[in-house]
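Work through the two exercises below with the sequence and the model at hand. Each task is followed by its solution in steps.

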Amino acid sequence: MGRLDDIDLSLKLSRAEQERLLTVHGTRLAQLRLTLGGLIGSGRLGPPLCVLFEGWDASGKGGAIKRLIAPLDARHVRVKQFAAPTPDEKRHQYLHRFVPALPGWGGMAVLDRTWYGRVLVERVEGFATKKQWRRAYREIDDFERMLADDGMIIVKLFLHISEQEQLERFESRREDPLKAWKLTDEDWRNRARRPDYEAAIEEMFERTDTERAPWRIVPAESKRYARVHVMREVIAAIEEGCAHHDFALPEPLEQAADAIG
């Protein structure tokens, strides 16, 4: 039994409720983002905000990212997707390629796949040696400690779906001419090794869940629920992080507060 087993995947939302809550929380998120950027409030730059997305293939990361950033001005958030490293990137230490995407003070970045690939796909598929991925837990912890000590708010999200739900989404993609490109032979091969990935994921949680950068597991069996849950988690992380750094945040706007209530 691990942390994935404790997640309630039955949680759902109607389309109407999803839209209402995305609007409500989106208002608050936009307010917080503008405050961190020094565009409203005191004018001071707030802590850097970095949102990391990991999860099963077809768990809805792209849709959740789309809804998360929808309320924000595109000039105020950077989204970066990471696939397999290029030949040139392989010549460097594996964390090197992620550094240019990190936000500075007052900035926000969303990373679709992250340095955790070293202890997930690279571990399971043999792209990293056992010595390399074992060492990576310490390297990642040191890296995140350095960022957090410098003020960064790190939000680590893992989107979890069941094996059956993943199969249904794979089959749906295969039949949709506008989504079939998302599905590769590698996706099917990875799915066949789900027990190996589950073991890697659970060890990742155990070894890299820290007070400065905790893992937040998102029940994603319902895409609608996951999208709202992601936004809530990011808002909570901003509010907690700013309290830690004594960075004052405004009260929720009246319309958002009323809607939540």
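The model is predicted.

**Exercise 1. The surroundings of β1**

Task: Determine whether strand β1 is enclosed or open, and which strands pair with β1.

Solution.

Step 1. Strand β1 covers residues 49-55, and 7 of its 7 residues are buried, where buried means under 20% relative accessible area.

Step 2. In a regular strand, side chains alternate between the two faces of the sheet. One side of β1 carries Leu49, Val51, Phe53 and Gly55, the other Cys50, Leu52 and Glu54; the residues on both sides are all buried.

Step 3. Strand β3 (residues 108-112) is a parallel partner of β1, with 5 bridges. In this pairing Cys50 is opposite Ala109.

Step 4. Strand β4 (residues 153-160) also runs parallel to β1, joined to β1 by 7 bridges. Here Leu52 is opposite Lys156.

Result: because 7 of the 7 residues are buried, β1 is largely enclosed by the rest of the structure.

**Exercise 2. The second largest pocket**

Task: Describe the volume of the second largest pocket and the make-up of its lining.

Solution.

Step 1. The second largest pocket holds about 340 Å³ of space. Its lining has 14 residues, of which Glu211, Arg212, Glu240, Gly241 and His244 are the closest to the centre.

Step 2. At least two lining residues come from each of α4 (130-149), β4 and α8 (223-244). The largest share belongs to α8, with 4 residues.

Step 3. Sorted by type, the lining has 6 nonpolar, 3 polar and 5 charged residues.

Result: β4 pairs with β1 and also contributes to the lining of this pocket.

Technical notes: Residues are numbered from 1 along each chain as its sequence is written. This is a predicted model: local features need pLDDT of at least 70, side-chain atom pairs count only at pLDDT 80 or more; totals for chains, interfaces and linings use all residues. Side-chain values use heavy atoms; hydrogens and water are left out. Buried means under 20% relative accessible area, exposed over 50%, partly exposed in between (1.4 Å probe, protein chains only). Two strands pair if DSSP finds at least two bridges between them. On a 1 Å grid over the protein atoms alone, a cavity is a set of points where a 1.4 Å probe fits but cannot get out, and a pocket is an open set with protein on both sides within 12 Å along at least five of seven lines; lining residues have an atom within 4 Å of a point. Grid points are joined across faces, edges and corners, and a volume is the space filled by probe spheres set on the points. Ala, Val, Leu, Ile, Met, Phe, Trp, Tyr, Cys and Pro count as nonpolar, Asp, Glu, Lys and Arg as charged, and the others, Gly among them, as polar.
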